[in-house]
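Visitor: Could you take me through this model and show me how each label is earned? I would like to see the values set against the cut-offs.

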Amino acid sequence: MVIVAAIDRTERATDVLAEAATLAETFEEEVHVLHVMKRSEAIQIEEDNANKDEAVSTAELRGQAAQPAKSLVDTHPPRVETTTVGRIGDPASEIVEYTDDQQARYVVISPRRRSQTGKLLFGSVAQTVLLNASCPVVSLADHS
């Protein structure tokens, strides 16, 4: 089993990794640091490279999707075994699918602070993960 640290590109990612590492130490598990690139970002990268007459493979896109996770682990290396992962698609769906595929013990997330109207209009990745993950979800509080 693994502990999944589902991160985004915000400063909250450091706290997510720290909490996941604490859980991993407690349960003697590995941490998978997961970053999901939205499909629109991947399309933009493909279009930018098409203008340069360069094709971008799915593996290259996943590598770019994993870059925030790699940077985080490089700057804040945890004391546990860590794997960085990049996926492309809807963040909530990809997080749930990845945790299911890995039979994760826990997934750690940090929701964005949004108004009730914002949640209603735009949904919430954290809410979707909380409702659909087949493993326990650790949701960190937003202190901003």
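Guide: What follows is a short set of questions and answers about this predicted model.

Visitor: Let's begin with the sheet. What makes β3 and β5 edge strands?

Guide: Five strands form an open sheet in the order β3-β2-β1-β4-β5, with parallel pairing. β3 (82-88) and β5 (137-139) each pair on one side only, and that makes them the edge strands. From one strand to the next, the twist averages 25 degrees.

Visitor: How do you know that β2 pairs with β3?

Guide: Two strands pair if DSSP finds at least two bridges between them. Strand β2 (residues 30-37) is joined to β3 by seven bridges, and the two run parallel. In this pairing, His32 stands opposite Thr83 of β3. β1 and β2 also meet the criterion, with six bridges in the parallel sense; there Ala5 stands opposite Val33 of β2.

Visitor: Why is β1 called mostly covered?

Guide: Buried means under 20% relative accessible area, and six of the six residues of β1 are buried. Both faces are covered: Val2, Val4 and Ala6 are buried on one side, and Ile3, Ala5 and Ile7 on the other.

Visitor: Which helices lie against the sheet?

Guide: Helix α1 (residues 12-27) packs on it, touching β1, β2, β4 and β5, and its direction makes about 175 degrees with that of β1. Helix α4 (residues 91-102) lies across β1, β2, β3 and β4, at about 150 degrees to β2.

Visitor: Why are α4 and α6 called roughly parallel?

Guide: Two packed helices are described by the angle between their axes and the distance between the axes. Here α4 and helix α6 (residues 125-132) pack at about 30 degrees, with their axes 8 Å apart. Angles under 35 degrees count as roughly parallel, and therefore α4 and α6 are given that label. Their crossing is right-handed.

Visitor: What makes the contact between α4 and α6?

Guide: Pro91, Ala92, Ile95 and Val96 come from α4, while Val125, Thr128, Val129 and Asn132 come from α6. These residues divide into six nonpolar, two polar and no charged.

Visitor: One last case: why is Asn49 called buried?

Guide: Its relative accessible area is 13%, and the cut-off for buried is under 20%, so Asn49 counts as buried. Asn49 sits in helix α2 (residues 39-51). Leaving aside residues up to four places away in sequence, Asn49 touches Glu54 and Val56.

Key. Residues are numbered from 1 along each chain as its sequence is written. This is a predicted model: local features need pLDDT of at least 70, side-chain atom pairs count only at pLDDT 80 or more; totals for chains, interfaces and linings use all residues. Side-chain values use heavy atoms; hydrogens and water are left out. Helices (H or I, at least four residues) and strands (E, at least two) are DSSP runs, numbered from the N terminus. Axes are lines fitted to C-alpha atoms, for helices over the stretch in contact, and angles run from 0 to 180 degrees between N-to-C directions. Contact means heavy atoms within 4.5 Å. Angles under 35 degrees count as roughly parallel, over 145 as roughly antiparallel, 65 to 115 as roughly perpendicular and the rest as oblique. A crossing is left-handed if the near helix is turned anticlockwise from the far one by less than a right angle, and right-handed if clockwise. Ala, Val, Leu, Ile, Met, Phe, Trp, Tyr, Cys and Pro count as nonpolar, Asp, Glu, Lys and Arg as charged, and the others, Gly among them, as polar. Buried means under 20% relative accessible area, exposed over 50%, partly exposed in between (1.4 Å probe, protein chains only).
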